[in-house]
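Notebook open, coffee ready. I want to look up how some helices pack, and then check a few other bits.

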Amino acid sequence: MNVTLAVKQYISKMIESSGAGMKVLLMDKETTSIVSVVYTQSEILQKEVYLFERIDSQNRDSMKHLKAICFLRPTKENVELLIQELRRPKYSVYFIYFSNVISKSEIKALAEADEQEVVAEVQEFYGDFIAVNPHLFSLNLQGVSRGRSWEPSMLSRCTQGLTSVLLALKKCPMIRYQLSSERAKRLAESVKQIITKEYELFDFRKTEVPPLLLIVDRSDDAITPLLNQWTYQAMVHELLGLNNNRIDLSRVPGVSKDLREVVLSAENDKFYADNLYLNFGEIGTNIKKLMEEFQKKKPKEQQKLESISDMKAFVDNYPQFKKMSGTVSKHVTVVGELSRLVAERQLMEVSEAEQELACQNDHSNAQQSIRRLLQNPRLSELDAVRLVTLYALRYERHSSSILPSLMDELSRKGVSERHRRMVQCLVEYGGKRVRGSDLITPTDAVAITKQFFKGLKGVENVYTQHQPLLHDTLDQLIKGRLKDSQFPYLGASSLRDRPQDITVFIIGGATYEEALTVYNLNRNTPGVRIVLGGSTIHNTKSFLEEVMLSMGHSGDRAQGGGRHSSSTR
């Protein structure tokens, strides 16, 4: 149950099948992302792939000494571009791989276009998704629904992505879905339809306990994507924006040219892999340790590394150190920027108020905290909206709700009308009327724990108490206690044993906090393997855009917002 490995194996197989000799890899926009997330360019170069081209690029040169490996989504546009390519081939031979099922009629059209007989192979390799982490995949789709219903093209794309994951993992699952969501039922039926139609593809060796696909809806837990994060990967996405493992650091004050865009990939960066799920304080301590190891090689020029800025100065002063440790300079820059944003936006204080809203049932304390923060001139527009929205969801039907007065406060603070409208949109999207679950229980009065690491000044660490709703859902599922009345099976059969191989898909997007939950469940539950997927991976900014699109406010959409790649500053 490792989606990264599944995609890597497909790509290796493609390249090896073409035999020895120089090759070009011909992709489309989406398959370029699919490949780049699991392989670096240098790794693919070692496999004799010397050129990377887009099928839709108009100005490609003819290079008859190269073999072409085509990895494409089976869309009408791609098939048409491939037909044109085969009529006037630019390369000596073509190995064609589609990332999903392709129709017989389209295969026939390609065969008819191949008059020069340059096609050596046509195959389906089911890598039709972005493998973010070994247990996490995304389809990079924003705005999947209109109100409570599907955006039609998105239902089809999510079906393709999900069936491709099942084929890549070699699973023919039983399906359960969230009853309160019409979208979840439609997707469950759509996936089942493909499994029935392509039954030969799904004819895998039967396991003692059948695998399970669980489909849930983001609107059941609108709180998780609104919270600030304190583990490394989640925090980077929340504050800087991760787009296919890339971070844009071009707006970081004083950043060097070679660090304007950096790649954070657990596959190729040991420090990142080791610190992915650690909290902010531990990361600071671990960077310090790593720096000190290198520093030992410079005994004459000992200097204290007390804070992130000391480290940055240290790295800047040692070009040879930079050479030895591109990794360290990259992470010092990233953690330095996270640290700067935490201080500038006073996120420790904001996060404490968020946790109080998400986990505790103390209305008078909550309203005081929010009012105090809204008076703070350093509170960003995004954080102000985030806090008021959390309040609106938490105390939606409270007899003493102060929501109207908080909305006035936002207005006085100069928060744009578009941002203010998001509060109401979110209650429509994920309020009590919509939810099928008990997202907020009055008894859940968990006190927030603060823990500061003294090891590194400038990087403080907060442990948050919030658990995503997904944690309870999966916990119940693993124990065999998930209610059929809330999550029915599709079809007559049901699972008698406790599930072992579980694929969960969140319509409307997953979060890195939920990925951490799944990672911990995998680690702490022997015999259970869970893979989490979402139509996208959200941070707060992209989630707010998703909600606005879903609620029909796409006309006034902000420039550059939306996809989970967008920066949140």
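In which crossing, left-handed or right-handed, does α19 pass α20? I looked it up: α19 passes α20 in a right-handed crossing. (A crossing is left-handed if the near helix is turned anticlockwise from the far one by less than a right angle, and right-handed if clockwise.)

Note to self on the source: this is a predicted model, where local features need pLDDT of at least 70, side-chain atom pairs count only at pLDDT 80 or more, and totals for chains, interfaces and linings use all residues. Residues are numbered from 1 along each chain as its sequence is written, and side-chain values use heavy atoms, with hydrogens and water left out.

**Whole chain.** I found 21 helices and 18 strands in the protein chain; these are DSSP runs numbered from the N terminus, helices being H or I with at least four residues and strands E with at least two. Of the 569 residues, 56% are buried (buried is under 20% relative accessible area, exposed over 50%, partly exposed in between, with a 1.4 Å probe and protein chains only).

**α19 and α20.** Two packed helices are described by the angle between their axes and the distance between the axes. For α19 (residues 469–478) and α20 (residues 512–524), I got an angle of about 30 degrees and axes 10 Å apart. That makes α19 roughly parallel to α20 (angles under 35 degrees count as roughly parallel, over 145 as roughly antiparallel, 65 to 115 as roughly perpendicular and the rest as oblique). On the α19 side I listed L470, H471, L474 and I478, which meet E514, T517, V518 and L521 of α20; contact means heavy atoms within 4.5 Å. This set divides into five nonpolar, two polar and one charged.

I also checked α20 alone. Its 13 residues reach 18 Å from first C-alpha to last, close to the 18 Å expected at 1.5 Å a residue (the expected span is 1.5 Å times one less than the number of residues). Its buried residues include Y512, A515 and L516, and also E514, T517, V518 and L521.

**α6 and α7.** Next I tried α6 (residues 152–168) and α7 (residues 182–197), whose axes come within 9 Å and cross at roughly 55 degrees. The two are therefore oblique to each other. α6 passes α7 in a right-handed crossing.

**R88.** Last, I found R88 in the loop between α4 (76–87) and β4 (93–98). Why does R88 count as exposed? Because its relative accessibility is 59%. R88 and S62 are 26 residues apart in sequence and 9.5 Å apart in space, C-alpha to C-alpha.

Methods. Axes are lines fitted to C-alpha atoms, for helices over the stretch in contact, and angles run from 0 to 180 degrees between N-to-C directions. Ala, Val, Leu, Ile, Met, Phe, Trp, Tyr, Cys and Pro count as nonpolar, Asp, Glu, Lys and Arg as charged, and the others, Gly among them, as polar.
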